[in-house]
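Subject: Structure handover

Hi there,

Here is the structure I promised to pass on. Could you look it over when you have a moment? My notes come right after it.

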Amino acid sequence: MRCQECDHRKATLHFTKIVNGKKNEMHLCEMCAKEKGDDLPGSNSYSIHDLLSGLLNLDPSIGTNVGYSQRANQEEALRCQKCGLYYKDFVKNSRFGCSHCYKAFSAKLDPILKRVHGGNHTHTGKIPERAGGRLKVQREVAKLKAEMQEHIHNEEFERAAEVRDRIRNLEDAQGKEGDE
Amino acid sequence: MSLEKFISEAISPWMKETGPDDDIVMSTRIRLARNVEEFPFPFKSSEDASKALYKHVHERLPQPSDERIGKLTWIPIDGLSEIEKTVLVEKHLTSPQLAEESTQAAVVLNNDESVSMMVNEEDHLRIQCLFSGFQLGPGYKVASDLDDWIESYVDYAFDEKKGYLTSCPTNVGTGLRASVMMHLPALTTTKQLNRILPAISQLGLVVRGIYGEGSEARGDLFQISNQMTLGKSEEDIIEELRGVVLQLIERERMTRKNLQEHNQLQLVDQVHRSYGILANSRIIESKEAGRHLSNLRLGIDLDLIQGIQGNILNELMILIQPAFLQQFAKQQLSPEERDERRATLIRERLKLENLNDGGDRP
């Protein structure tokens, strides 16, 4: 098969693009494919980041092309103090510059995260042993408290007391750590 | 170099292992995105800061004591030739991004290449574990233990509400991407997959071709992975993916059985035609090769062809990629030259099978 662009060299790259259910096939030689690079999948040009960037821009509070409001001006200046990344550049590239950016842009983050993660904005998974030690204890305590309530509800007071002691131990241990 | 030796070096040792359900699930991949506190993310990092991160991690991590992991080797990307870089990508050990765009990047591999950690890619660390067959649960356990071990030496960027902080908001939370590579020839030929795929995406899972984002499905191989990383626990993510994969396995098996019962002659014809083409062609494009390899593999799984090992699809799908062909030839090749080399390589590889096992000839 010959390349559909130059009709000269052999087509070695075959792409199928489906946009809104409309199928579009392309057969290109390597040279023409490079030139057309922009709309080809696999080339870095249209990546998940472009898609995301589009999503971030949908945020109604981020004044788009229509009527630059005062708010948009304030957002121009919103910036992470640690790495210097501007919020507008985060929107453009859909990448954070450092871990502090999450704090710096926190006011605007949840709607974005919800959009990307099916309505979720809070981590419920793994907690690292060291970095999340405190949180790990808190979650354990919360779990034990629920357990204790259930024992009380079932009038299993001895077992409830056992659980209460475990909660105290955990809280004491954490209190000491905090003092250090 | 002999073909046998080349193949033995080109194919990661973990791929040669057998695994559960490996007639349909080729491999399982677990990836964790992690960043180190106090260092800017690679996207916003200066060359010096990237260098410092590299040094920081390299100096802190000793050799693991976990026998499942074994010895780790650091390979700086800058020291590799273009072809060597592409080979790593084609083996799924690094991303194209790490090979092309990253500075001060490295890939850290263990002996059987089942562990590959990218350093200074989009995130500081991308921990990847690969397994043969369908091993989501045990696979996640290995990756998570490795993650704990790394965390005992470096401080991760972690937030109580947002979880593991990543450069891209699509990875924040668990940083977990679990994927399963499936061979689904029966669902593809019967066009059932066209109806199943939209349903899968509604469950928050993504289906891709074998080389990730934007790549086309080759050889009826599909990679299915979770999309969301925030708001669900790792166990739930793994369980949801596992449920869908199990259903796909069952459907694929059922469809294969149906094809065998109702279209036996067509199926045998199709498999043997493909075998004939692979064993005899002198020029072959990778797309065509993928199609016939898929048929051949189906024939092996359904016992229509004897004397050829099932992993020939996994192996040849990698070996017929451009960089491997060029590495074997030890030179740059034009597309026409590649098509010729590809045909030769496949023919030679099939001959090896026949010599080793005395199997039937097409």
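Below are the conventions, then the two chains, then the contacts.

This is a predicted model, in which local features need pLDDT of at least 70 and side-chain atom pairs count only at pLDDT 80 or more, while totals for chains, interfaces and linings use all residues. Residues are numbered from 1 along each chain as its sequence is written, chains are lettered from A and ligands numbered from 1 in the order in which they are written, and side-chain values use heavy atoms, with hydrogens and water left out.

**Chain A**

The domain assignment splits chain A into domain 1 (1-36), domain 2 (48-55 + 76-122) and domain 3 (132-177); such bounds come from an automatic or database domain assignment. The centres of domain 2 of chain A and domain 3 of chain A, taken over C-alpha atoms, are 37 Å apart.

UniProt, in an unreviewed entry, has two features here. It places "domain: UVR" at residues 138-173 of chain A and "coiled-coil region" at residues 134-173 of chain A. UniProt positions are given in the numbering used here, feature names are shortened, and annotations may be inferred rather than shown by experiment. In the model, residues 138-173 of chain A are 92% helix and 0% strand, with end C-alpha atoms 12 Å apart. For residues 134-173 of chain A, the span is likewise 92% helix and 0% strand, and the end C-alpha atoms lie 10 Å apart. Helices (H or I, at least four residues) and strands (E, at least two) are DSSP runs, numbered from the N terminus.

A salt bridge joins A:Lys145 and A:Glu171, at 3.8 Å from N to O. A:Lys145 sits in helix α7 (residues 133-153) of chain A and A:Glu171 in helix α8 (residues 157-179) of chain A, so the pair links parts of the chain 26 residues apart. The rule asks for a side-chain nitrogen of Lys or Arg within 4 Å of a carboxyl oxygen of Asp or Glu. Over all chains, the whole structure has 31 salt bridges.

**Where the chains meet**

How many residues of chain B are in contact with chain A? There are 54, and they touch 48 residues of chain A, contact meaning heavy atoms within 4.5 Å. The area buried between the chains is about 4,200 Å², with carbon and sulfur atoms giving 54%. Buried area is the accessible area (1.4 Å probe) that two parts lose on being put together, summed over both. In chain B, the residues losing the most area to chain A are B:Phe43, B:Glu151 and B:Pro169, together 15% of what that side buries.

Between chain B and chain A there are 8 salt bridges. A:Lys126 and B:Asp147 form a salt bridge, their closest N and O atoms being 2.7 Å apart. The chains also share 24 residue pairs in polar contact (both at pLDDT 80 or more). A polar contact is a pair of N or O atoms within 3.5 Å; within protein, one must be able to donate a hydrogen and the other to accept it, and residues adjacent in sequence count only if both atoms are side-chain atoms.

On the side of chain B that touches chain A, α6(B) provides the largest share, 5 residues. By class, that side has 17 nonpolar, 13 polar and 24 charged residues. Here Ala, Val, Leu, Ile, Met, Phe, Trp, Tyr, Cys and Pro count as nonpolar, Asp, Glu, Lys and Arg as charged, and the others, Gly among them, as polar.

**Inside chain B**

Chain B has domain 1 (14-246) and domain 2 (263-357), with centres 28 Å apart over C-alpha atoms. Their contact takes 19 residues from domain 1 of chain B and 21 residues from domain 2 of chain B. About 1,700 Å² is buried between these two domains, 65% of it from carbon and sulfur atoms. Across this interface the rule finds 0 salt bridges, while 6 residue pairs are in polar contact (both at pLDDT 80 or more).

Happy to talk it through.

Best wishes
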